[in-house]
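Got your viewer open and a selection box ready? Let's take a walk through this structure, one stop at a time.

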Amino acid sequence: MGIILGSTREGRNGEAVTNWIYDFATKRNDATYEIVDLADYNLPFLGSKVTEAAKQEAEATAKAWSEKMDSFDGYIFVTPEYNHALSAALKNALDHLKPELNNKAAGFVGYGSLGGTRAHENLRLILGTLQVADVSTAVTFSIMTDFENMSVFKPADYHADNANQMLDQVLAWSGALKPLREKVTV
């Protein structure tokens, strides 16, 4: 299960949130979880002009990103909410993919003024187009109450219930969709 850190912004709160869900998930001992940090993939904006010198590097990065995402049966997207939407880096990274995500499941962990819920709604639309089944339960951290001074992550205990429900759903849906992923098309 890939846990995708969907922000590349310097000073991002996403690292603490991603580490929290990773630690929480791995303690359940029900699946293998791996953090995938978008900052490790210097993806050019899809369709942007790339110099010939940078073209090979851009293609290699896009290929590595594609292969990494293809390796998972499901995903947990950790996303901030910027201006009522997900980050541009996450949207761009998803634009580089299509068949790698088909017939997989996803859950959401968000943070922001409303816990990232509007970013989750953006993701639901995007992932639906990419044939990803998203689960309804999400984990939502408020920048006002789950972060001290809006920067030190101190999540409330009650988030554990939503995290367990979300993880249960993603694992179940990922398993249920596995026969579709294994189906050989001619």
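What follows is a short tour of a predicted model, with something to select at each stop.

**Stop 1: strand 3.** Select residues 74-80, which make up strand 3. How many of its residues are buried? Seven of the seven are, so the strand is largely enclosed by the rest of the structure. Now show the side chains. In a regular strand they alternate between the two faces of the sheet. Here Gly74, Ile76, Val78 and Pro80 point one way, while Tyr75, Phe77 and Thr79 point the other way. Both sets are buried.

**Stop 2: the neighbours of strand 3.** Add residues 2-5, and you have strand 1, which pairs with strand 3 in the parallel sense over four bridges. To find your place, look for Gly2, which stands opposite Tyr75 of strand 3. Next add residues 104-112 for strand 4. Strand 3 and strand 4 also pair in the parallel sense, over seven bridges. Your marker for this pairing is Pro80, standing opposite Tyr111 in strand 4. How does the chain get from strand 3 to strand 4? Follow it through helix 3, residues 88-95, and you trace a right-handed β-α-β crossover.

**Stop 3: helix 1.** Select residues 14-27. At 1.5 Å a residue, the 14 residues of this helix should span 20 Å, and its end C-alpha atoms are 20 Å apart, which agrees. Color the buried residues of helix 1: Gly14, Val17, Thr18, Ile21, Phe24 and Ala25. Then turn the view until you look down the axis of helix 1: the buried residues fall within an arc of 130 degrees, so they line one face of the helix. The spacing fits a general pattern: an α-helix has 3.6 residues a turn, so residues three or four places apart point the same way. Before moving on, click Asn29, just after helix 1, where phi is positive at about 55 degrees.

**Stop 4: two loop residues.** Go to Gln131, in the loop between helix 4 (117-129) and strand 5 (132-142). Its phi is near 60 degrees, a positive value in a residue other than glycine. Gln131 is partly exposed, with a relative accessible area of 41%. Finish at Asn149, in the loop between strand 6 (147-148) and strand 7 (152-153). Asn149 is not a glycine either, yet has a positive phi of about 55 degrees. Is Asn149 buried or exposed? At 67% relative accessibility, Asn149 counts as exposed.

Conventions: Residues are numbered from 1 along each chain as its sequence is written. This is a predicted model: local features need pLDDT of at least 70, side-chain atom pairs count only at pLDDT 80 or more; totals for chains, interfaces and linings use all residues. Side-chain values use heavy atoms; hydrogens and water are left out. Buried means under 20% relative accessible area, exposed over 50%, partly exposed in between (1.4 Å probe, protein chains only). Two strands pair if DSSP finds at least two bridges between them. A crossover is right-handed if, with the strands pointing away from the viewer, the path from the first strand over the helix to the second runs clockwise. The expected span of a helix is 1.5 Å times one less than its number of residues. The arc is that of the directions from the helix axis to the C-beta atoms.
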